[in-house]
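User: I'm new to this structure and would like a close look at a single part of it. Could you pick one spot, walk me through it, and then show me how the rest fits around it?

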Amino acid sequence: MPQQQPTEREAPPWHRMASDEVLDSLDAKREGLGPEECRTRADEHGPNTIKTEQKVSPWKVLLDQFTSPMVYVLLGALVVTLSIQSWADAIVIGLVLVVNATIGFIQEYRAQSAVQSLMEMVSPKARVRRGGEEKQLPAEQLAPGDIVLLDQGEMAPADLRLLDCKALQVNEAALTGESVPSSKTADAMEDAGEDLPPADQRNMAFMGTAVTAGRGEGVVVAIGRQTQLGRIAEDIRAAGQVETPLQKRMSRLATWIAVAILIIAALAFGVGLWMGESVEQMFLLAVSLAVAAIPAGLPVVMTVALAIGVHRMARRNAVIRHLPAVETLGSTTAIVSDKTGTLTQNQMSVQEILAAGGERYEVVGEAFSREGRIERDGEPADAPEGGPLYYALLAGSLNNQAQLKDSQEETQGQQPDEPSEEPARDQELHAQGDPMEVALLISAAKAGLSRAELSERYPLVDEVPFQTEKRFSATIHNTPDGDGPLVLIKGAPERVLQMCSHQLGGDGQPEDLDRDAFERQNDDLAAQGLRVLAMAIGRGEERATSIKADEPEGMTFVGMQGLLDPPRPEAIDAVGRCRDAGIRVLMVTGDNARTAAAIAQKVGLGRGAAGDRPNESDRQGDAEAQPLPTARTGQELADLDDEQVDGLLEEADVFARVKPEHKVRIVERLKARGQVVAVTGDGVNDAPALKTAHLGAAMGQTGTDVAKEASDMVITDDNFASVYKAVEEGRTAFRNIRMATFFLLSTGAADILVILTALVLRWPLPLLPAQILWCNVVTNGIADVALGFEPGERALFRRPPRPISEGVLDRCLIERLVLVGVWLAAGTLGVFYLVYQQSGVDLARVAALTTLVLFQMVHVFNCRSEDVSIFKKSLLGNKVLLWGVLASLAVHVAALYIPWTQRLLSFEPLPWWIWGVSIGVAATAILVNEGHKHFRPRDKVNQETWPAGWLRESSRRERDEPGVAPAELGRRLAEIEDTTRENRELLEQVVAKSERRSATPQHHPPQEAGEP
């Protein structure tokens, strides 16, 4: 039985009540609800959703099939044919309506249901404490009394009364419209009124609001429609579906074509009457002509192509949240990517430790294992308490939110004597939290420092959570000797050095800080591609107070840890493929500039023009041989005007120490230069750029709720390669829509030309109205939909991105459409005339119809690609199309020999010689289409008609990848010319030598097997 939300009742003023009073009122406790109590409350209160998920209504989808201009024409024609008792035509028109509605219903219903199920993959999650244990579960399972844990980047999953706050700030723009984050507290607001506006309730976190800084925990006081956001939503009727830009263009195209064809149909009707044809016959002919020519399948093709694109992207780890993303992906010219976890593996391990006393240590052993040790000059090294190495490891271990357990700790309750097949070695580790902090825990464990024991020796007193703007985090602990609080700090080296006045010597005593030496060491580690974290400590109340200030000072530097996050092998290949496709990749990161440049070098950024991508075998060696790419910092962007920033974007692909506003500016300047920009991100700080870009792609595993909410697409495996794969599928989806449109319009044009030409020549009508409708059902109804299943192709992925202003059909396809339409019409009329002269008009009409059907079945295979020859496309590459065409042909052949279809459609069997002629004529459609592809290439035709200014920009973009400076382009062109001249001279020498040899008889020994 579906759960029902309870009737709304007046809620107590939670903001005025003390924490304990709130818990008592909800019969809750800080340890969280128990399993049985969770089930009871879930039954009582229902799911935590604002509205019941709208199920796809099959009746609504079915009715939608009768709301297009083509269907209105058909319905009108059906009424007229019934009124004049033209039963055969009425039956055929009815069949057209049924078949069209059936195909459209099946495809649209399946597509909408699939998209709805895919959206469940990105449903919001909540971290709760239940039965004393922290868990993550779908937000809809929350119940009043649940204890919810909040952290930076997450969204409040329900209305919460805050119980504990650590520098918690919440952006309540979703509720109040105020963009400035609100600082939160756990204290009761006893003096406030009961009707205090939500924006002023500082101890509440409301559903849908985003945590921008700090962390906290709260108890759920309202869920679903009882929340503040739910009450607002109840007053708003759901808006209708928003059409994508592609859908709008297609609708405009279909409407324009419908109007044009209706005018042509009216003209045909008038000409027919003038030539003495009956009103009834010409009316049916005009209606049939309009129906056959209108691309009625366009809405179905749109839905099918986009749905297939969404499905394929989901299989390749990209979940589309908004349909416009499918179209935008196909036009993307620049991808602004994060580094950590996207271009790299996000599996960090500490490689080196530089202690303040001047010692340099290596961390050896498996990356994700406690097994291993700390070495110095190849020998095991200790971390004596009080020394700089000890404090560097201590800061990394205790100033840390990650959790590290092994399998033994998670299987409590097993019998001690239970046999185990596992070898006697370190148990498998299970980590939760930031991979960087997990790596710090493991490095401390390899030095013999236990997190649990350290926590007992140094109890936590307070903390300063990490914030992007501050670039450090800190924790405050009591010390075993009671000598005042101990502050443990970790963060960006330059920021930590800035707050330090001393360094810890090898003897454990403070000494003067050698800032320059540590900056050099930081650069040295960064040049190896290591992410560097600096550690510092502070002692006493003064330092504890200072760390909470805006500008902490007086700290003691203890060392740095260098962490390795290796690049993803598949990301290296994807970056090269982006270059081949004319898509520029830029990397933005908060790391040191040299670290970012070193990783960019390994990934292959800034490596040159398309075609420079290294082979799989020598990828790593090639990367190491390349110079470090140019890296710029966010501060440099902040100090420059827009024109100067554009100059930086021409020369640099790597931007380090980037703040949110810097990332937004990069995106805005790329957009201002005419680029279609996609952005990847996972944190709160990425949300502005994700929203600003044409396409935002959030990371599914590490991404925050805020980032996902701001994005159009979620990458479920956090891999840059999946971003590129989604671009491939976006291009494929648009190509399939374009080619289906080309097919429908070219065949429709042929239908029109056949009828109009016959009228002008005063021939008998080559096709009866019912026969035209039959052709429309048998061929277009299946073939156009099947084109939506066409897979991608290499040529499509190596082509520069299409201009954002380009229509559904470009100039090349329009030219080809006219050529093919004329040829199909001429061939059909030729067969009609030939058979008419020998066997009469009835058989000639069947021959003409069969020729037109065969023409379209052959032509649909021409429409599988804009550029690639039909002879290079495997018939099994699109099995849906192959079987669809065979099924259509079987239906048509059967109709020629079944008595009732013969009477209904004026059919009769065709002699074998007519079949031979029709097949031969239909096959010429391949020659015409292939000839146009060869002699009028797509790029050449389109350049002939592009505006001059746009042509220059487009030609530049097609010659080289975006962002190549003019001087660099000139250098490359000069190299090409030199190489061409050298090859020409070499060829002339070879030809001359060959001519001399041919003048003298030669005797050659037999070649060995395999010898060239």
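Analyst: Let's start with K184, which sits in the loop between strand 5 (182-183) and strand 6 (204-205). Strands here are DSSP runs of E with at least two residues, helices are runs of H or I with at least four, and both are numbered from the N terminus. Before going further: this is a predicted model, where local features need pLDDT of at least 70, side-chain atom pairs count only at pLDDT 80 or more, and totals for chains, interfaces and linings use all residues. Residues are numbered from 1 along each chain as its sequence is written, and side-chain values use heavy atoms, with hydrogens and water left out.

Is K184 buried or exposed? K184 has a relative accessible area of 9%, so it counts as buried, the word for anything under 20% (over 50% is exposed, in between is partly exposed; 1.4 Å probe, protein chains only). The side chain of K184 reaches the backbone oxygen of M204 at 2.8 Å. That is a polar contact, meaning a pair of N or O atoms within 3.5 Å; within protein, one must be able to donate a hydrogen and the other to accept it, and residues adjacent in sequence count only if both atoms are side-chain atoms. If you skip neighbours within four places in sequence, K184 is in contact (heavy atoms within 4.5 Å) with L162, C165, L168, V170, E172, Q201, R202 and M204.

Now zoom out. The protein chain has 1012 residues, and 52% of them count as buried. Its secondary structure comes to 36 helices and 28 strands. Take contacts between residues at least 6 apart in sequence: 73% of those join residues at least 24 apart.

One helix is easy to check. Helix 29 (residues 811-839) has 29 residues, and at 1.5 Å a residue (times one less than the number of residues) it should span 42 Å; its end C-alpha atoms are 42 Å apart, which agrees. Just after helix 29, G840 takes a positive phi of about 95°.

Last, the rings. The whole structure holds six aromatic pairs, counted when Phe, Tyr or Trp rings (for Trp, the six-membered one) have centres within 6.5 Å; planes under 30 degrees apart are stacked, over 60 edge-to-face, and the rest tilted. F518 and F557 have ring centres 4.5 Å apart and planes at 50°, so this pair is tilted. Because F518 lies in helix 16 (residues 515-527) and F557 in strand 22 (residues 555-564), the pair ties together parts 39 residues apart in sequence. Both F518 and F557 are buried.
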